[in-house]
Amino acid sequence: MSLNLRNILLFAVMGALLIAVGVIQSANVALAILNLCLISAIMTLGVNIQWGYAGLFNAGVMGFAALGGLAAVVVSFPPVPDAWSAGGPRAILGVASGAFAIGLAILTWRKVPGSRQTRGWAAAAVAIAGIILMRFIIDPAVEAIEAVEPAKTGFLGGLGLPIVFSWITGGAFAALAAWGIGKISLGLRSDYLAIATLGISEIIIYFLKNEEWMARGVKNVNGLPRPVPYEIDLQQTVWVQELAATFGFSLVELSSIIVKLSYAGLFIVVLVIVFWLSEKALKSPWGRMMRAIRDNEVAASAMGKDVTWRHLQVFVLGSAVIGLAGAMLTTLDGIFTPASYQPLRFTFLIWVMVIVGGSGNNLGSILGGFVIWFFWIEAEPIGLALIEFLTSGMAVDSALRSHLIENAAHTRLATMGVVLLLVLRFSPRGLIPERSK
Amino acid sequence: MTDILNALALLGNFVIVPGLTYGSQLALGALGVTMIYAVLRFSNFAHGETMSFGAMITILVTWWLQGKGVSLAPLPTALLALPIGIIGTVLMCLLFDRFVYRYYRRQRAAPVTYLILSVGILFILSGLVRFVIGPQDRIFADGERFIMKARAFKEMTGLDQGLAIKTTQGVTVVTAVIVVALIFWFLNRTRTGKSMRAYSDNEDLALLSGISPAKVVSITWIITGALAAVAGTLYGLDKGYKPFTYLGLVLPIFAAAIVGGVGNPLGAISGGFVISFSELLLTFAYKRVIAYLTPGDWVPEGLVQLLATDYKLAVSFVILVIVLLVKPTGLFSGKTL
Amino acid sequence: MRFLQGESLYGGYGGADILQGCSIGVNKGEIAVVVGPNGAGKSTAMKAMFGMLSVREGSVELDGQDISELPPQERVTLGMGFVPQNANVFTSMTVEENLEMGAFIRRDDFSPTMEQVFSLFPVLAEKRSQPAGELSGGQRQQVAVGRALMTQPSVLMLDEPTAGVSPIVMDELFDRIIEIAKTGIAILMVEQNARQALEIADRGFVLVQGRNRYTDTGEALLADPEVRRAFLGG
């Protein structure tokens with residue numbers, strides 16, 4: 001892990017930018033950006049494992065992040081006993097029957113003799129029959145569950161465990177989904193894989209939006225428990241009050257800073273662990289083989305490497321990291337909003353981070369996550385300031401001016417695109433390029 | 001007999017007319033994606049935003065025309081503005097090709113590089129569009145709202161069920177037919193069109209025959225830009241223009257292109273209709289149709305709906321994924337213009 | 001100096017040179033055949049002559065004009081036609097469209113040329129509206145040759161035109177090639193079926209490791225016992 005001068009400098013500049021925001025705007029803003037930078041960095045590490053190590057184009061980042069968010073709800077939210085007694089067991093049975101039907105369909109596809117076509121239709125028939133059976137079992141349960149205090153709950157709730165556990169669970173959810181998705185789609189050509197994963201991630205979001213019995217769908221789950229103290233409690237704590245008095249902070253501001261710092265501490269620990277593991281993996285024989293496969297798939301498979309199996313491993317691992325980051329994000333937000341998962345923000349932006357940072361380089365991914373998130377947030381005030389400056393010659397009540405100022409925020413999308421294209425053209429290996437073997 | 005006609009009117013109103021309209025919009029979009037794939041050999045993720053850009057230009061010109069008091073009544077004024085929208089979109093496509101894609105073509109970059117580039121362009125266009133016209137809903141259809149109102153249909157036929165056809169629906173289908181006919185005439189009857197097919201079929205042999213790649217690529221972008229502007233405008237006319245929705249259109253469009261076989265224009269068109277009708281047929285509540293078709297006064301208990309309406313858009317994603325997994329070459333074999 | 005002449009050609013696909021100074025040439029109305037063992041650089045030599053490969057040293061001249069630096073497309077306009085070994089038709093396009101594409105650079109009326117091609121290959125006239133991809137191997141080769149003839153070239157170059165076709169089809173194809181040569185076109189081809197090819201050749205070049213081993217009339221090469229033993233299987 002030889003940090004050369006250039007990399008240190010790059011991270012130092014990044015740190016200085018965050019500090020500058022702390023001074024110019026406020027410490028709270030800077031810390032809020034920092035926390036999302038950390039989460040973005042972890043997500044980027046996950047995508048880098050897939051793209052940088054193995055050359056897999058996963059355009060379904062959004063779906064895995066949302067599954068992580070779901071885990072946060074399932075793990076941490078207290079159970080809703082009324083909903084459980086209204087239809088819990090029946091809903092579980094329904095899900096189980098659905099899973100059973102899918103398993104049976106796969107078995108039909110694999111074991112039943114006959115041509116591809118007959119097996120295909122047989123498997124489809126089994127799957128459809130299974131889905132009808134599942135709907136038959138689950139529909140009344142869903143109705144009953146969603147009827148339990150719909151304005152407040154209307155879902156099964158979770159396990160009521162500390163939310164930090166959900167980070168692991170989120171990784172597991174995503175890994176499980178990735179295993180299934182990878183199993184069926186990893187044989188596809190790169191652009192088809194991208195389209196398929198994008199499609200599957202949209203299906204996941206649809207599912208989360210509409211299956212209200214699971215996590216309230218578009219009604220969102222509010223007030224997830226926190227792994228860190230609440231501001232209100234801090235404000236009543238003596239040492240916080242003393243600290244505020246000593247440094248002349250307002251109590252509200254200081255409590256909020258402490259909360260954000262606690263999150264940052266937790267996130268940094270996770271980031272360091274994930275980074276360390278990723279580096280270990282990259283430098284291991286496994287990582288070397290991954291890159292050999294990426295650089296020449298034909299040669300690698302000719303040498304007897306099971307390319308599909310390796311791709312599946314890397315796809316599952318990378319997705320697990322994305323799921324972990326997704327759970328962390330929902331933890332930070334304290335709210336799970338399925339409708340907020342948009343491909344632009346959750347898939348393509350992460351891709352910009354990976355490529356700008358430097359595909360194949362973990363340190364680069366972290367830097368990419370930081371830089372891009374920073375500018376994603378700060379492009380708004382910067383763009384606004386720029387447009388205000390450029391239009392300062394115009395009349396104050398000019399319609400064009402107010403239109404431009406009103407829409408200035410959207411320039412950040414265009415900025416991201418321009419940055420991506422410029423990096424691809426003039427520094428295609430990113431800010432911190434992959435070390436050559 | 002009346003019952004059967006009523007059932008048909010019901011299906012016509014809720015499935016056939018909207019299906020034809022949405023199918024035409026998807027078909028035009030898929031045709032653009034397929035053209036790019038056939039000639040430049042990559043999946044253009046920015047196509048939805050290209051459509052949005054075309055629609056935006058058309059809307060701006062429409063407003064200007066409306067401000068001048070120009071109108072095409074009973075047809076929407078947007079049709080007058082559309083040629084400018086097409087020119088703007090084509091210029092935009094050619095600019096991006098010149099300053100972004102061309103460099104990589106010379107390097108003979110991998111297809112996935114173009115895909116990432118198209119993501120960059122997606123960002124730029126979506127930012128640009130929101131910056132210029134704003135993220136709000138824009139309804140810019142004017143002129144007569146209906147070709148046929150539900151009540152007029154009832155009075156005309158004496159049926160209980162109405163069949164309404166909006167002007168925008170009629171305009172969409174007619175325009176789509178004209179555009180598709182033009183494209184096929186171009187590809188199959190003109191020397192330039194044939195050279196495009198030849199280039200798509202066998203790049204090296206096309207070179208040996210003296211076909212200029214630069215020209216083929218430019219023409220491809222011109223056609224794609226024009227198609228995108230038309231598709232984007234028609235979609236916006238019919239459903240209201242909202243920049244946000246166009247990114248969501250990319251997947252149904254890819255689904256249509258892939259279902260038909262990427263690179264195959266005929267496939268793209270049929271794919272568009274396969275997707276639109278699957279969405280509608282799977283989420284349509286057959287309750288009243290069945291009530292009409294069964295003897296007596298029996299009415300089914302539930303809605304008799306295969307899938308909840310919420311899942312309408314998901315249908316196209318599921319079809320997309322299934323086709324990719326089962327027969328990635330599509331229902332018609334791909335990679336030929 | 002012949003009508004088309006490649007002189008002391010050196011070159012390859014980067015890395016070591018495949019061509020080690022070979023020279024091949026053909027006159028109008030003549031059939032010249034390049035034969036040799038696998039890896040001798042036969043196809044490479046053809047590509048070098050047509051400009052699909054940059055020549056490091058040596059020159060290619062057409063009718064006394066140095067064309068070594070011209071790209072393939074410009075050689076087409078100067079009257080050279082090339083039939084590649086693989087993927088030599090537009091499979092999704094009809095026979096007629098294939099020929100039309102062959103005439104792409106022509107701005108004049110090419111229908112007389114198309115009639116000539118159809119009279120040379122009557123079966124193509126019958127199948128003119130069928131996609132070339134649906135034709136048999138021999139018919140496809142005819143389309144490929146016909147496509148190259150559409151520019152009315154003065155030189156026609158063929159890279160293994162009989163690869164993968166039956167002996168009967170091969171004989172017929174050779175007959176057609178003789179007919180084409182009789183119209184005054186120079187024909188340069190690479191062939192695996194060395195014996196049959198040399199039988200119709202006015203001139204033969206035996207290449208080994210990118211160099212000329214034997215150069216003579218087809219007849220003389222066929223008669224040479226050494227050539228027979230080493231390259232024609234006795």
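This report describes how chain A and chain B meet in a predicted model, and then a nonpolar surface patch on chain B.

## The interface between the chains

In this model, 48 residues of chain A are in contact with 46 residues of chain B. Together the two chains bury about 4,000 Å² between them, and 75% of that area lies on carbon and sulfur atoms. Three residues, Ile195(A), Tyr206(A) and Arg425(A), supply 16% of the area that chain A buries against chain B, which is more than any other three residues.

The count of salt bridges between chain A and chain B is 0. Polar contacts do occur across the interface: 9 residue pairs are counted, with both residues at pLDDT 80 or more.

## The side contributed by chain A

Several helices of chain A give two or more residues to the side that touches chain B. Among them are helix H5 (116-147), helix H6 (165-185), helix H7 (190-210) and helix H18 (411-426). H7(A) gives the most, with 14 residues.

By residue type, the side of chain A that touches chain B divides into 30 nonpolar, 10 polar and 8 charged residues.

## A nonpolar patch on chain B

On the surface, Met1(B), Ile4(B), Leu5(B), Leu8(B) and Leu293(B) form a nonpolar patch. Their accessible area together is about 520 Å².

The largest share of this patch, 3 residues, comes from helix H1 (residues 2-40) of chain B. Leu293(B), another member of the patch, is located in helix H12 (residues 287-293) of chain B.

Terms used
Residues are numbered from 1 along each chain as its sequence is written. Chains are lettered from A and ligands numbered from 1 in the order in which they are written. This is a predicted model: local features need pLDDT of at least 70, side-chain atom pairs count only at pLDDT 80 or more; totals for chains, interfaces and linings use all residues. Side-chain values use heavy atoms; hydrogens and water are left out. Contact means heavy atoms within 4.5 Å. Buried area is the accessible area (1.4 Å probe) that two parts lose on being put together, summed over both. A salt bridge is a side-chain nitrogen of Lys or Arg within 4 Å of a carboxyl oxygen of Asp or Glu. A polar contact is a pair of N or O atoms within 3.5 Å; within protein, one must be able to donate a hydrogen and the other to accept it, and residues adjacent in sequence count only if both atoms are side-chain atoms. Helices (H or I, at least four residues) and strands (E, at least two) are DSSP runs, numbered from the N terminus. Ala, Val, Leu, Ile, Met, Phe, Trp, Tyr, Cys and Pro count as nonpolar, Asp, Glu, Lys and Arg as charged, and the others, Gly among them, as polar. Patches are made of residues with over 30% relative accessible area and no salt bridge: like charges are joined within 9 Å, nonpolar side chains (Val, Leu, Ile, Met, Phe, Trp, Tyr) within 5 Å. Accessible areas come from the Shrake-Rupley method with a 1.4 Å probe; for residues, only the protein chains shown count as cover.
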